[in-house]
Protein chains: 2
Amino acid sequence: MKFGKRILEQADRLAEFTEDEGRLTRTYLTPKHREAGEQIAAWMREAGMEAGFDALGNVVGRYAGDRADAPVVLTGSHMDTVVDAGRYDGTFGILTAIACVQDLHKRRKRLPFAFEIVAFCDEEGVRFGVTLIGSRALAGRFTPEMLKARDKDGVTLKEALVAFGGRPEAIPLLSRKGIAAFVESHIEQGPVLLDEGLPVGVVTSIAGASRVKARVTGLAGHAGTVPMPGRRDALAAAAEMALAVERHCASRPRELVGTVGKFAIAGGGAVNVIPGSVEFTIDLRSGNDAHRKAAVAELQVALNEIAQRRGVTLDWDLFFELEAMPCDEALQAALAESVKAHGVAVRHLPSGAGHDAMELAHIAPMAMLFVRCGDGGISHNPRETMTAEDADIATSVLLHFLENFQPPNP
Amino acid sequence: MKFGKRILEQADRLAEFTEDEGRLTRTYLTPKHREAGEQIAAWMREAGMEAGFDALGNVVGRYAGDRADAPVVLTGSHMDTVVDAGRYDGTFGILTAIACVQDLHKRRKRLPFAFEIVAFCDEEGVRFGVTLIGSRALAGRFTPEMLKARDKDGVTLKEALVAFGGRPEAIPLLSRKGIAAFVESHIEQGPVLLDEGLPVGVVTSIAGASRVKARVTGLAGHAGTVPMPGRRDALAAAAEMALAVERHCASRPRELVGTVGKFAIAGGGAVNVIPGSVEFTIDLRSGNDAHRKAAVAELQVALNEIAQRRGVTLDWDLFFELEAMPCDEALQAALAESVKAHGVAVRHLPSGAGHDAMELAHIAPMAMLFVRCGDGGISHNPRETMTAEDADIATSVLLHFLENFQPPNP
């Protein structure tokens with residue numbers, strides 16, 4: 001095995017840079033962010049790259065191309081984590097790329113493009129509630145308002161960045177143009193490849209999302225004294241609605257996933273009171289925006305019918321919408337060739353989660369390679385696993401892609 | 001109208017004794033408990049009774065019988081309230097009885113029994129989490145452990161009682177024996193009489209109750225990355241269970257009511273996470289213990305089937321059971337005669353809520369008269385209403401009952 005074992009050891013090493021005793025939590029602009037970034041930069045240099053922090057706290061490594069004016073191909077993923085995280089989400093996309101460069105460097109091979117790896121400073125948004133911070137800046141989509149976001153102690157992003165040694169005034173300069181391609185490797189965070197027995201897959205698009213806050217208002221009452229036929233039970237109505245969301249999405253398994261993730265009785269409820277009001281959220285995702293929007297509309301009708309039949313009211317607040325981001329067709333085809341070259345069946349699959357690649361897609365053709373996630377596909381959890389064999393194949397596929405990629409003439 | 005208008009005025013006056021600005025909340029052993037009790041005792045005396053606080057803070061009024069050794073008939077209801085209460089729950093049962101005595105006294109009529117009215121100090125249990133405190137003491141079922149119950153400020157019931165001027169050591173002496181009957185009037189707190197256009201009804205039994213804490217454990221996951229078919233969504237499973245409880249009880253409308261009153265995702269949930277664990281409660285009530293126990297058993301089977309089909313686990317904790325308390329047949333018949341005498345169709349109905357009468361049933365034949373509750377039958381709410389006409393008829397019915405009741409020879 002050429003790459004896999006070392007990559008997993010490096011992931012273990014990075015997991016030691018944690019703010020929480022006994023579990024992995026690494027957030028933006030903390031001492032552990034600095035330590036992890038310095039370790040990553042050291043590995044980048046060891047692999048033959050120039051590397052260092054940028055003005056926002058991203059770590060950027062550069063492996064020069066075969067000529068000074070060569071175009072640039074970017075890769076990377078994030079080095080921050082959620083609370084009590086797994087060790088491959090984000091991290092793997094950085095380490096696999098460094099491994100590729102190290103191999104090229106050992107062979108003294110230069111590519112017809114400069115290859116840059118970015119360890120993005122904050123994708124998860126745990127500390128400031130703003131996601132995709134690092135990749136937004138490269139896409140020229142970081143806005144000055146984001147500097148005002150505060151962490152739970154009231155510290156602004158700007159204050160924390162200055163204390164970290166970053167340069168808020170230089171953020172606009174991070175915006176990139178003329179990038180030939182952005183290719184991100186990432187653990188799947190779901191069970192599709194696991195269930196199909198495949199080590200890697202080619203992402204077709206990053207799903208769009210619609211999110212709804214729903215409030216059901218019925219009539220509270222005494223659990224003992226109100227006969228069943230006259231009830232306007234907000235909990236029972238909301239339960240029926242949650243099942244309608246599930247049934248709708250389950251009947252369209254290739255188009256859509258839907259989740260009721262929050263669900264609470266106003267005031268918490270009491271064992272002996274018929275609930276009068278329930279609030280819940282609906283999260284709908286699809287790689288196909290038309291499918292997703294149709295589902296939102298159909299569910300609104302279906303849930304209103306439930307409300308009407310039960311004599312309750314439904315307030316419907318579509319508070320968030322994000323369009324799907326399709327991956328570049330030519331890059332998908334090139335990745336698929338590299339997968340095939342390793343004797344692996346090509347599985348195309350959408351990404352239900354958001355990634356830094358969504359932001360980079362605004363400025364470059366974008367593609368993603370997914371790697372099998374063990375243990376039922378669980379992620380954002382310490383149980384997240386990846387085998388050395390899969391890490392090895394994924395790295396070899398990425399390297400094959402890089403060695404065969406011909407950037408279009410500018 | 002002989003009684004109704006004044007009773008509603010008195011209820012308005014008692015509602016002024018509140019701990020909360022702008023809403024009615026009156027809890028045990030507070031200054032407002034004292035003030036309300038003193039007002040009630042004053043009305044009792046005005047009606048020709050001897051009256052005062054007992055050792056526990058109940059107000060007891062006595063209207064002597066036609067001879068010194070006459071048996072005792074008891075009535076009464078509670079003077080405490082829930083938080084943000086209506087003004088007739090409890091209060092009405094006290095005021096209607098005082099009105100009866102006032103009328104008898106005006107006519108200088110004595111009955112073949114001593115008639116005692118108890119304004120029970122605490123039925124709702126808001127302050128110390130112990131319900132039916134006053135009636136338990138009269139039934140000889142007050143236990144010394146109850147004195148150790150604490151309010152939210154850490155004050156024990158015993159400390160508060162001593163500060164109030166009560167006598168904890170004298171509580172055992174409150175236990176009553178040889179009571180000929182206990183008859184409580186109470187607002188229905190439900191819509192049955194309202195829906196049937198009847199001012200009063202005769203209670204058949206006070207429902208028994210079973211309460212279950214259920215916990216559903218599935219598998220948390222990313223809302224975007226886990227396909228619908230492989231999910232083990234605890235929220236969807238619990239929603240299906242809540243609907244099964246509703247459907248089961250709705251199919252047996254004369255036997256049973258059932259309510260899921262608490263329902264919460266562990267940790268509160270997040271819009272983009274498939275819920276991994278949900279806890280909820282089930283409250284089942286029936287006037288028939290066999291029906292209720294059968295429902296508990298059938299629902300446990302049905303909910304386990306749902307859990308098994310969905311690949312989640314169900315923890316089932318039957319944490320509370322209370323047997324139904326049937327009303328005395330002879331007293332029901334006597335109350336029915338008095339209802340008929342007023343040209344009102346006799347409606348027998350169960351009480352889904354608990355009442356002080358449940359405790360007194362341990363030491364005396366017990367009956368209850370329900371009075372129509374307006375506005376959909378809502379109670380434990382400032383919207384609780386009763387008309388002066390209904391208060392008048394109910395009082396006239398109770399008076400008719402008292403004047404025709406012959407206590408059995410001891």
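The largest cavity is lined by Asp233(A), Leu235(A), Ala236(A), Ala242(B), Val245(B), Glu246(B), Gly258(B), Thr259(B) and Val260(B). Two or more of these lining residues come from each of helix H7 (234–250) of chain A, helix H7 (234–250) of chain B and strand S9 (257–259) of chain B. H7(B) gives the largest share, three residues. By type, the lining holds five nonpolar, two polar and two charged residues. Here Ala, Val, Leu, Ile, Met, Phe, Trp, Tyr, Cys and Pro count as nonpolar, Asp, Glu, Lys and Arg as charged, and the others, Gly among them, as polar.

A word on the model and its conventions. This is a predicted model in which local features need pLDDT of at least 70 and side-chain atom pairs count only at pLDDT 80 or more, while totals for chains, interfaces and linings use all residues. Residues are numbered from 1 along each chain as its sequence is written, chains are lettered from A and ligands numbered from 1 in the order in which they are written, and side-chain values use heavy atoms, with hydrogens and water left out. Helices (H or I, at least four residues) and strands (E, at least two) are DSSP runs numbered from the N terminus.

Back to the cavity. The space in the largest cavity is about 40 Å³, and a search of the whole structure finds one cavity of 30 Å³ or more. A cavity is a set of points, on a 1 Å grid over the protein atoms alone, where a 1.4 Å probe fits but cannot get out; lining residues have an atom within 4 Å of a point. Grid points are joined across faces, edges and corners, and the volume is the space filled by probe spheres set on the points.

Next, the two chains. Chain B is superposed on chain A by a rotation of 180° with 0.0 Å of shift along its axis, at an RMSD of 0.1 Å. That is the relation of a two-fold axis. In chain B, the C-alpha of Ala239(B) is the one nearest the axis, 2.2 Å from it. Both copies use the same surface, since 100% of the contact residues of chain B recur in chain A. The superposition is by least squares on the C-alpha atoms of residues with pLDDT of at least 70 in both copies, and contact means heavy atoms within 4.5 Å.

Now for the aromatic rings. Rings of Phe, Tyr and Trp (its six-membered ring) pair if their centres lie within 6.5 Å; planes under 30 degrees apart count as stacked, over 60 as edge-to-face and the rest as tilted. The count by this rule is 14 aromatic pairs over all chains. In one of them, the ring centres of Phe113(A) and Phe405(A) are 5.8 Å apart with planes at 70°, so the pair is edge-to-face. Phe113(A) sits in the loop between helix H3 (91–106) and strand S4 (114–120) of chain A, and Phe405(A) in the segment after helix H11 (388–404) of chain A, so the pair ties together parts that are 292 residues apart in sequence. Phe113(A) has a relative accessible area of 0% and is buried, and Phe405(A), at 11%, also counts as buried. Buried means under 20% relative accessible area, exposed over 50%, and partly exposed in between (1.4 Å probe, protein chains only).

A tilted pair is made by Phe120(A) and Phe182(A), with ring centres 6.3 Å apart and planes at 55°. Phe120(A) lies in strand S4 and Phe182(A) in strand S5 (residues 179–187) of chain A, so this pair ties together parts that are 62 residues apart in sequence. One aromatic cluster is formed by Phe113(A), Phe115(A), Phe401(A) and Phe405(A).

Some single residues of chain B follow.

| Residue | Element | Relative accessible area |
|---|---|---|
| Gly201(B) | strand S6 (residues 200–206) of chain B | 1%, buried |
| Gln39(B) | helix H2 (residues 31–46) of chain B | 17%, buried |
| Arg136(B) | helix H4 (residues 133–138) of chain B | 18%, buried |

Leaving aside residues within four places in sequence, Gly201(B) is in contact with residues including Arg347(B) and Phe370(B). With the same neighbours left out, Gln39(B) touches Arg13(B), Leu14(B) and Phe17(B).

Lastly, the backbone. Most residues other than glycine have a negative phi. Asp84(B), not a glycine, has a positive phi of about 55° and is partly exposed at 24% relative accessible area. His380(B) has a positive phi near 55° and lies in the loop between strand S16 (366–371) and helix H11 (388–404) of chain B.

Note on methods
On a 1 Å grid over the protein atoms alone, a cavity is a set of points where a 1.4 Å probe fits but cannot get out, and a pocket is an open set with protein on both sides within 12 Å along at least five of seven lines; lining residues have an atom within 4 Å of a point.
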